[in-house]
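Here's a quick tour of a protein chain, with an eye on its hollows and a couple of individual residues. Have a look at the fold before reading on.

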Amino acid sequence: MRKLLAYPLTVIYFMVFGMTLLFFHPIQWLCFNVFGYKVHKLSVDALQFSLMRCLNVLGTRFTWDNQFEIPKNQPLLIVSNHQSMYDISPIMWYMRKHHVKFVAKQELGKGIPSVSYNLRHGGSVLIDRKNPRQALPAMITFGEYLEDTKRAGVIFPEGTRSKDGHPRPFKTRGLDILIKKTPSAWIVPVTVNNSWKMLRYGKFPLGIGNHIKFTVHKPIEIATFTDKKALVTTVENSIINAIRVNH
């Protein structure tokens with residue numbers, strides 16, 4: 001019965017989702033090209049809030065559990081497990097004061113209204129995961145950008161999403177580069193739970209009635225760790241130990 005109900009709700013969701021992307025695309029273009037970064041940032045924030053509201057059509061709820069004071073006016077590296085594309089808007093919305101940027105795969109930089117435009121013009125980095133000659137310099141430049149602007153970069157070290165909620169081993173090369181290039185940054189580990197359930201039936205229909213939960217762990221100042229491998233291990237363990245997989 002639940003899956004049967006998911007079919008019409010998914011159709012409605014995709015309609016609302018598509019209209020939202022189309023609505024915000026020219027707004028982003030106008031904000032960026034006429035008013036500059038600050039106004040463009042406001043339009044992106046509004047987009048993320050709207051995309052979360054679109055998911056309410058499917059009965060999706062969000063909880064953002066943060067019990068820590070996250071440093072301001074400092075570069076941040078937000079490190080998270082990755083379960084679906086539905087991880088992204090809540091992170092951008094709840095962390096919006098820190099000017100969130102993403103490490104994203106190159107394919108997302110074209111063809112998606114609003115999303116591709118923001119990835120290309122909003123400060124995120126697009127990498128070709130199959131081409132280290134492109135990816136490594138891009139990550140170095142991104143780290144330097146975060147250090148200079150004191151903004152927040154999000155990286156999913158698993159490299160791809162977990163389809164059943166169980167974490168994949170971290171591929172730390174990209175994170176290692178960002179740590180090296182943002183020496184004054186703080187790492188903010190974040191655990192995502194239940195986002196994978198949005199795709200439990202595949203891409204159609206989407207899962208309904210899910211409660212996506214985000215747990216923010218204690219921020220870690222990079223400068224306090226002389227052993228960077230130990231730092232990465234600490235971050236990985238804090239994220240993975242809070243993953244709760246239930247079907």
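## Second pocket

A word of caution to begin with: this is a predicted model. Let's start with the second largest pocket, which has a volume of about 180 Å³. Strand S1 (61-66) and H3 each put at least two residues into its lining.

Who sits around this pocket? On one stretch of the chain you'll find Trp64, Asn66, Phe68, Glu69, Ile70 and Lys72, and the lining also takes in Trp93, Tyr94, Met95, Arg96, Lys97 and His98. Sorted by character, the lining of the second largest pocket comes out as six nonpolar, two polar and four charged residues.

## Lysine 97

One of the residues lining that second pocket, Lys97, belongs to the loop between H3 and S3. Is lysine 97 buried or exposed? Its relative accessibility is 66%, and the cut-off for exposed is over 50%, so lysine 97 counts as exposed.

Lysine 97 also has a partner worth clicking on: arginine 151 is 54 residues away along the chain, yet the two C-alpha atoms are separated by 9.3 Å.

## Largest pocket

Now for the largest pocket, with a volume of about 1600 Å³. Its lining runs to 47 residues, and the ones nearest the centre are His82, Ile88, Ala104, Lys105 and Leu108.

Which elements build this lining? Helices H1 (2-35), H2 (37-55), H3 (88-94), H4 (115-121), H5 (132-149) and H6 (173-181) each supply at least two residues, and so does strand S3 (100-105). As for chemistry, the lining of the largest pocket divides into 31 nonpolar, ten polar and six charged residues.

## The enclosed cavity

Besides the open pockets, how many cavities of 30 Å³ or more does a search of the whole structure find? Just one, with a volume of about 110 Å³. H2 and S3 are the elements that give two or more residues to its lining, and H2 makes the largest share with five residues.

The cavity is lined by 14 residues; Lys41, Val44, Met92, Val100 and Lys101 lie nearest its centre. By type, this lining splits into four nonpolar, six polar and four charged residues.

## Serine 89

Serine 89 is a good residue to zoom in on in helix H3. It has 12% relative accessibility, and buried means under 20%, so serine 89 counts as buried.

What does serine 89 touch, once neighbours within four places in sequence are set aside? The contacts are Gln48, Leu51 and Met52. Those three numbers fall within the span of helix H2 (37-55).

## The chain as a whole

Stepping back, the protein chain has seven helices and eight strands. Its C-alpha atoms fill a box of roughly 55 × 45 × 35 Å along the principal axes. A compact globule of 247 residues would have a radius of gyration near 18 Å, and the chain has 18 Å, so the two agree.

Of the 247 residues, 48% count as buried. Looking at contacts between residues at least 6 apart in sequence, 74% join residues at least 24 apart. The surface the chain exposes comes to about 12300 Å², with carbon and sulfur atoms supplying 59% of it.

Methods: Residues numbered from 1 in each chain as written. Predicted model: local features only at pLDDT ≥ 70, side-chain atom pairs only at ≥ 80, totals over all residues. Heavy atoms only, no water. 1 Å grid on protein atoms, 1.4 Å probe; cavity = no way out; pocket = protein on both sides within 12 Å on 5 of 7 lines; lining within 4 Å. Points joined across faces, edges and corners; volume = space filled by probe spheres on them. Helix = DSSP H or I, 4+ residues; strand = E, 2+ residues; numbered from the N terminus. Nonpolar A, V, L, I, M, F, W, Y, C, P; charged D, E, K, R; others polar. Buried < 20%, exposed > 50% of the residue type's maximum accessible area, 1.4 Å probe, protein only. Contact = heavy atoms within 4.5 Å. Rg over C-alpha atoms; globule rule 2.2 N^0.38 Å. Areas by Shrake-Rupley, 256 points an atom, 1.4 Å probe, with all protein chains shown as cover.
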